[in-house]
Amino acid sequence: MSDPKVARHIAFDHREPSQDACYADIPGELSMNVQTALRARGMTRLYSHQAEAFQRAQSGENLVIATPTASGKSLCYNLPVLHALSVAPDTRALYLFPTKALSRDQEEHLRVDMREAGVTQGAITYDGDTPGDARRAARERAGVLVTNPDMVHAGILPNHAGWARFFANLKFVVVDEVHVYRGVLGSHLANVLRRLQRVAAFHGSHPQFLFSSATISNPSAHASRLLGSPVGAVCENGAPSAQRRILVYNPPLINAELGMRRSYISCAVDRAVDLLKANVSTLVFGQSRNNVEVMLKYLRDRLPESELAGEQIQAYRGGYLPETRRRIERGLREGEVRGVVATNALELGIDIGGLDAVICAGYPGTMAALWQRFGRGGRRGRGSLAMLVPSSSPLDQYLAQHPSMIIETPVEEARIDPDNIEILIDHLKCAAFELQFRSPGDTFGDLSSTSLQEALEFLETQRMVRAVSARSGGKTYHWSTEAHPASHVSLRSLSYDNFVIIDVFHERVIGEMDFRSSHTMLHEQAIYQHEGQQYQVEQLDYENHKAFVRKVEPDYYTSAQTRVRVSVLEEEASDILTFGAGITLPVGRGEVDVVEKVIGYKKIRFHTHENVGYGEVYLPAVEKATTAFWIVVPELVVSALPYSRVVVMDGLRGWLKALRAVAAVGLMMDPRDLGSAFVDEPGIGSNGEFSSPRSLVEVQEGRHSFHFEPTMYLFDAVAGGIGLAQRLWEDQSALVRRSAELIDTCPCQHGCPSCVGPGGQSNSDDSLGDRKSAALAMCKHLGVVG
């Protein structure tokens, strides 16, 4: 980046040195056929972690291999499987990958490995795209079945009787990219593995589990939580790595007083254009599907076909049809695609050839995800460039001001909650459908016998299972309804089926979208962006989950506006915080009802990003029960500040923004896992109670009078919660202090995206105050800061 205009905005420039390989001999006990195949490739030695993984797998240990991207993790689990297939032809192995695309990609590599090792049993991908004859072959002849958790959950386990031979000989279960299985997906997978082990035991097998993961701070604990039993870890990387240059480019300020910076999307596109013009193959990661499509359009506008053909720049994201994704993957591997803009769909280990540069447009929320993205560059031994272009959000700007955190901060833990009651009950229904439960006696993974018994009794009261008393004592629980439970349980969310997107002019399906995203991206009059083209949603058939779109050429795209309401269902804990001023600040934790509703949308002009219009949206609200941590601001504190109530409420909204930002940094969580809501007026929740736990109802002269105290909520974005509210509760005092320090130390005058959000003065009279001054005055009045 030799351009002086660019160089002065480089906030961090670090060069990671190359690393030499650490080798080990090929284990002598490895099958000679496999050894011969390795040597035919020119591999006379293994990396040290590959040899360690094989030796430990041979001892029967459940393992997780947690080494960096492009370190040869696939061979760590392939070698034990290939060895077993060579010496015992009846052996069966099940490979689980998080996505169809990764399954197909790895199947091709595995087939090559098996062919070269003389293994004849075959590897077959079994997913929703697999034709009927191939499915029969998979059941009857496949030595290795390559699939994803969704297919195991809904296609294999409910029909395990047809897979009896496969399960009876199942020796290995490989779970790749285990760092992806966090939150909802991870909690679902843990229950799928409970069911899988139960079915395998029924057919007489007890498979060994081999996990692989990009670098996370708790690989052994996370894999053990997924499996429900101890898992050892191989973490010492023996693979070489090329030099990597890491840059942080902070977009220039365009309004210092308001702390407003140039669009990070535009800046990321600028840097990508520079690299592509210099013939540097580049991958740009965006934060959302919309951002990815916007950046694709900008790149194609900036790089006409005279410089770089349009087909050489592609987007890659969820929602594309399988044939579209495979075409792009093939173009990347063969070097036909020189630039790609992607969501986290390309974080995973799909073979995309050798890309020389990676640009992250916005911080992805965790260090683990950031390094996973950076690791996608230089995958064939060449040096690479990794660049972060932070947005104006508080978390991004915190990193921009403290960029050394990128190389100094440890990566986060992956967290799941398999016993989340909604998820657990759904999978117990599926398990009861698959095999009856005997109580006492039967188990369900590491779930306690008490919890299992309570859940079965609950299902009995719901008439989903029928309990039959056994002569020897106890009960046997049988599935008692006609419904196929797995078909109604999605592993990817706690919501409903996807929407299909139909081009009305060509009368064909062009994509699909998950239920929740459809509310913000497929409402009527929305601009849906697909492969750099714009389509307007003419009709949303909500009942049948279909969106009808027509190609248009607008000069704007749309961004939905959502309103969130929170009401407390049950307060599980309460406390009082007291800081320097001695004023009490009530805090609480418990179960809440969250109602999210898309109320409208903005039209945002391409390139300038100015608002050019608004529209209303009429869609049903989405409701969920989850867990939350909240802070109540006493009315006496509100009235003590020298500002109008309107300004104070705006200041509290700004403080909540800062609270959410420091929670993400301090607890090392993905900000998208944490929702926030500010309730500043009384409202009735679905339970008939007032939205604030401190709403008081008094009866005076036969009338109700409401004394309301504003409340700031931080809630688990996942229905049912995965434990984030509890972690916030345990760190409550430090959380409040860090948020106040963020506001106090931010150099802006009236509030900016890096602290409380933009909050210009409400009037030319300074005494009326603004968002930042009100938030800071609140913190000082409470004694949180001096």
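Visitor: Which residues line the largest cavity, and which elements give two or more residues to the lining?
Guide: In this predicted model, the lining of the largest cavity includes Val34, Leu38, Leu79 and Leu82, together with Arg41, Asp113 and Glu116. Ala37, Leu75 and Ala117 complete the list. The elements that contribute two or more residues to this lining are helix H2 (32-40), helix H4 (73-87) and helix H5 (100-116).

Visitor: How do the residues of that lining divide into nonpolar, polar and charged?
Guide: Arg41, Asp113 and Glu116 belong to the lining, and Asp, Glu and Arg count as charged. The division is 7 nonpolar, no polar and 3 charged.

Visitor: How much space lies in the largest cavity?
Guide: The model holds 3 cavities of 30 Å³ or more. The space in the largest cavity is about 70 Å³.

Visitor: Which helix gives the largest share of the largest nonpolar core?
Guide: The largest nonpolar core has 65 residues, and Leu299, Phe374 and Ile406 have the most contacts inside it. Phe374 touches Ile406, as well as Val358, Cys360 and Leu388 among others. The largest share of this core, 9 residues, comes from helix H11 (residues 264-277).

Visitor: Why is helix H12 described as largely enclosed by the rest of the structure?
Guide: Helix H12 (residues 289-302) has 14 residues and reaches 20 Å from its first C-alpha to its last, close to the 20 Å expected. Its buried residues include Arg289, Glu293, Lys297 and Leu299. Helix H12 is largely enclosed because, of its 14 residues, the number buried is 11.

Key
Residues are numbered from 1 along each chain as its sequence is written. This is a predicted model: local features need pLDDT of at least 70, side-chain atom pairs count only at pLDDT 80 or more; totals for chains, interfaces and linings use all residues. Side-chain values use heavy atoms; hydrogens and water are left out. A nonpolar core is a set of buried Ala, Val, Leu, Ile, Met, Phe, Trp, Tyr and Cys residues joined through side-chain atoms within 4.5 Å. Buried means under 20% relative accessible area, exposed over 50%, partly exposed in between (1.4 Å probe, protein chains only). Helices (H or I, at least four residues) and strands (E, at least two) are DSSP runs, numbered from the N terminus. Contact means heavy atoms within 4.5 Å. On a 1 Å grid over the protein atoms alone, a cavity is a set of points where a 1.4 Å probe fits but cannot get out, and a pocket is an open set with protein on both sides within 12 Å along at least five of seven lines; lining residues have an atom within 4 Å of a point. Grid points are joined across faces, edges and corners, and a volume is the space filled by probe spheres set on the points. The expected span of a helix is 1.5 Å times one less than its number of residues. Lists of a residue's contacts leave out its neighbours within four places in sequence.
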